[in-house]
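Reader: Could you take me through one part of this model slowly, the loops and what surrounds them? I'm in my first year, so please explain the terms as you go.

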Amino acid sequence: MVRDKPVGLMPVATAINRVLALAIGRQRPETVALQDADGRVALDDIFAASDVPPWDNSAMDGYAVRAVDAVADASLAVSQRIPAGCSPGPLHPGSAARIFTGAPLPAGADSVVMQENTELIEPFQADREGQVRILQTASKGENVRRCGADIARHALLVSRGQRLWPADLGLLASAGVASVTVGRLPTVALVTSGSELREPGQDLQAGQIYNSNRYVLQAMLARLGIKAQSVIHLPDSEEQTRKILQQLSQDHDVVISTGGVSVGEEDYMRAVMQKLGQLDIWKLALKPGKPFTLGQINHTLFFGLPGNPVSAFVTFILLVRPALLAMMGAEQAELPLHRVVAAFEASRSGERQEYVRARLSGCDAQRAVEPLDDQSSGVFSSVSRADGLAIIPPHTAVARGDTLSFIAFSDIF
Ligand SMILES: Nc1nc2c(c(=O)[nH]1)N[C@H]1C(S)=C(S)[C@@H](COP(=O)(O)OP(=O)(O)OC[C@H]3O[C@@H](n4cnc5c(N)ncnc54)[C@H](O)[C@@H]3O)O[C@H]1N2
Ligand code: MOO
C-alpha cells in the first residue's frame, strides 16, 4: 500500500513572511505620468518644491484692503482690479482693490472684505478709480489664504512605499509634480485547471461545472491595477501542464494557478512545478487553503492556489495579494486586522488557522461577528454574502464575547 508521507503544516504567519521575503527583492522602478499613477506605489519620498499656494490670495470675491482702513462706513477709493491669474501692483494705503477668489493679494493688503459686506458706489474702470463703502469692519487676515497654508515648501507629499490614491494625485498635481517613480506592475499569467470546467455561456455536459475562479482572480488582480497578460485554462494533463508552465515562466514575473495542488492522481500542478523548479511552500495550517503551493520556475514566482473556489479566494487575499503589492513597492502589503466580538460559539479548532466567512453587526466601537451558515470551501455564495473573514487561531474554542481578529473586505474592494 502506498501512503502519502504526512507533512507538517506551515503556520500562516510563517508563510506570509516567506512570501513577502521572496517578493520584496523583485521591485523594479518605472516612471509614469501623474494621471497613470492611481493605485501605484511610490518608490521615492516626494517633497514639495515650492509653497502651495505660492502667494497670499483671496478666499472671496470682494475688496483687498488694509484692515486699519476698512472700518464700518469708511468709503475707500478702488484703485485697481485683480482677477485670478494676474500679478497685481501694490495697494496704496487708504484704498481698496477689487479682487476675486484665488487672485493674488496686492502687496500692502492684509485682508479681504467680501463683497456682501460692502456697498459699491462707483465701479473701478480702466481709466477711472471706483468707490466702495465698507459695511462691516474688517479684521486683519480675514478671507486671506496664506502662502504655503496648504503645503509648505520642502514638506513631504508622499512617502516611499505608499500606495497612491486619487487624493495623492491631487496633492502632487497641486505641487506641480507631473510624473512619479513607482514600482513596475508585475506581469502575471492566470491559469485555471480542471477537465470538468467550462466557461460561462457554454453548455454543460454531465459532470461539468463552470469555471468561477478565473473571474474572481481576474477581477481581484484588476483591483490591484494588474491586467493578467495571459489567461489560460488547462485540462488535467501532465504533458500540457508542463508545456504551459515552462512557456509562462519565460516571460511572466508571476504565474497564479488554481486547482491541481492536492494529492489526487489528476492533480498535476504542484508535481509539474516541483519538477520544473523549486518548491518553497506546500501545505499550510490554513482552513480553507491547506494545499496552497509556492514555488519558483526560473525567476518566475509560481502561486498554486487550491481549486476549491473559497480556498482560491482566501489564499489570494492572504498570500498572493500582499506579494503582488510588495512587488509593486508597497511598504504595508498586509491587510489591517480589526478587533471584533464573537456573537457565536465554536468548538476547539484543529491544527489549521480558520478564516471564517462572517457578517458584522453593531456599531464601530462594538462590532459583533457571526459566521455564515455553510463554511465548506466549495460554497462560494457565502463569500459574496460575507463582510469579511473572522480568524480563529489553531487549537482555539470560541465563546460568545471573545475578541477575534477580522479581515474586512471593505479594506480590499
Ligand atoms: N485526499 C485528499 N484530498 C484532498 C485534500 C487532502 O488533503 N487529501 N485536500 C482537500 C482540500 S483542503 C482542497 S482545498 C482541495 C484542493 O484540491 P486541488 O487544488 O487539487 O483542486 P481540484 O481538485 O482541482 O479542485 C477542487 C474543487 O474545486 C473545483 N474547482 C477547481 N477549479 C475551479 C474553478 N476554476 N472554478 C470553479 N471550481 C473549480 C473542482 O471542480 C473541485 O470540486 O483538495 C481536497 N482534496
Ligand atoms: O483547504 Mo481546503 O481549501 O480546506 O478546502
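**From a loop to the sheets**

Author: H154 counts as exposed because it has just 10 C-beta neighbours inside 10 Å. (Buried means 20 or more other C-beta atoms within 10 Å of the residue's own, exposed means 12 or fewer, and partly exposed is in between; the C-beta atoms are placed from the backbone.) Keep in mind that this is a predicted model, where local features need pLDDT of at least 70 and side-chain atom pairs count only at pLDDT 80 or more, while totals for chains, interfaces and linings use all residues. Residues are numbered from 1 along each chain as its sequence is written, while chains are lettered from A and ligands numbered from 1 in the order in which they are written.

You'll find H154 in the loop between β10 (144–145) and β11 (156–158). (Helices, H or I of at least four residues, and strands, E of at least two, are DSSP runs numbered from the N terminus.) H154 isn't a glycine, yet its phi is positive, near 75 degrees. D73 has a positive phi too, about 85 degrees, and isn't a glycine either. D73 sits in the loop between β4 and β5 (75–82), and it counts as exposed because 10 C-beta neighbours lie inside 10 Å.

Now for some prolines in loops. The bond from V52 to P53 is cis, with omega near -5 degrees, and P53 belongs to the loop between β2 (46–47) and β3 (57–58). The bond from K287 to P288 is cis as well, with omega near 0 degrees; P288 is in the loop between β19 (286–287) and β20 (293–297). P288 and K287 also turn up around ligand 2, along with G289, K290, P306, N308, S311 and S377. (Being around it means having a C-beta atom, placed from the backbone, within 6 Å.)

β20 takes us to a sheet. Six strands make an open sheet with mixed pairing, in the order β16-β13-β17-β21-β20-β18. (Two strands pair if DSSP finds at least two bridges between them.) At the edges are β16 (230–234) and β18 (278–282), each pairing on one side only. On average, neighbouring strands here are turned by 20 degrees against each other, direction ignored. (Axes are lines fitted to C-alpha atoms, for helices over the stretch in contact, and angles run from 0 to 180 degrees between N-to-C directions.) β13 (residues 188–193) and β17 (residues 254–258) run parallel, joined by five bridges, and V191 has S257 of β17 as its bridge partner. Helix α1 (residues 12–24) packs on this sheet, touching β18, β20 and β21 (300–305), and its direction makes about 145 degrees with that of β18. (Touching, or contact, means C-beta atoms, placed from the backbone, within 7 Å.) Helix α4 (residues 238–251) packs on the sheet too, touching β13, β16, β17, β20 and β21, at about 170 degrees to the direction of β16.

Last stop: the nonpolar cores. (A core is a set of buried Ala, Val, Leu, Ile, Met, Phe, Trp, Tyr and Cys residues joined through C-beta atoms within 7 Å.) The largest has 79 residues, and I256 and A390 have the most contacts inside it. Helix α6 (residues 309–327) gives the most to this core, 14 residues. Apart from this core lies another one, of 19 residues, among them A64, V78, A97 and I134.

How values were computed:
Two residues are in contact if their C-beta atoms, placed from the backbone, lie within 7 Å.
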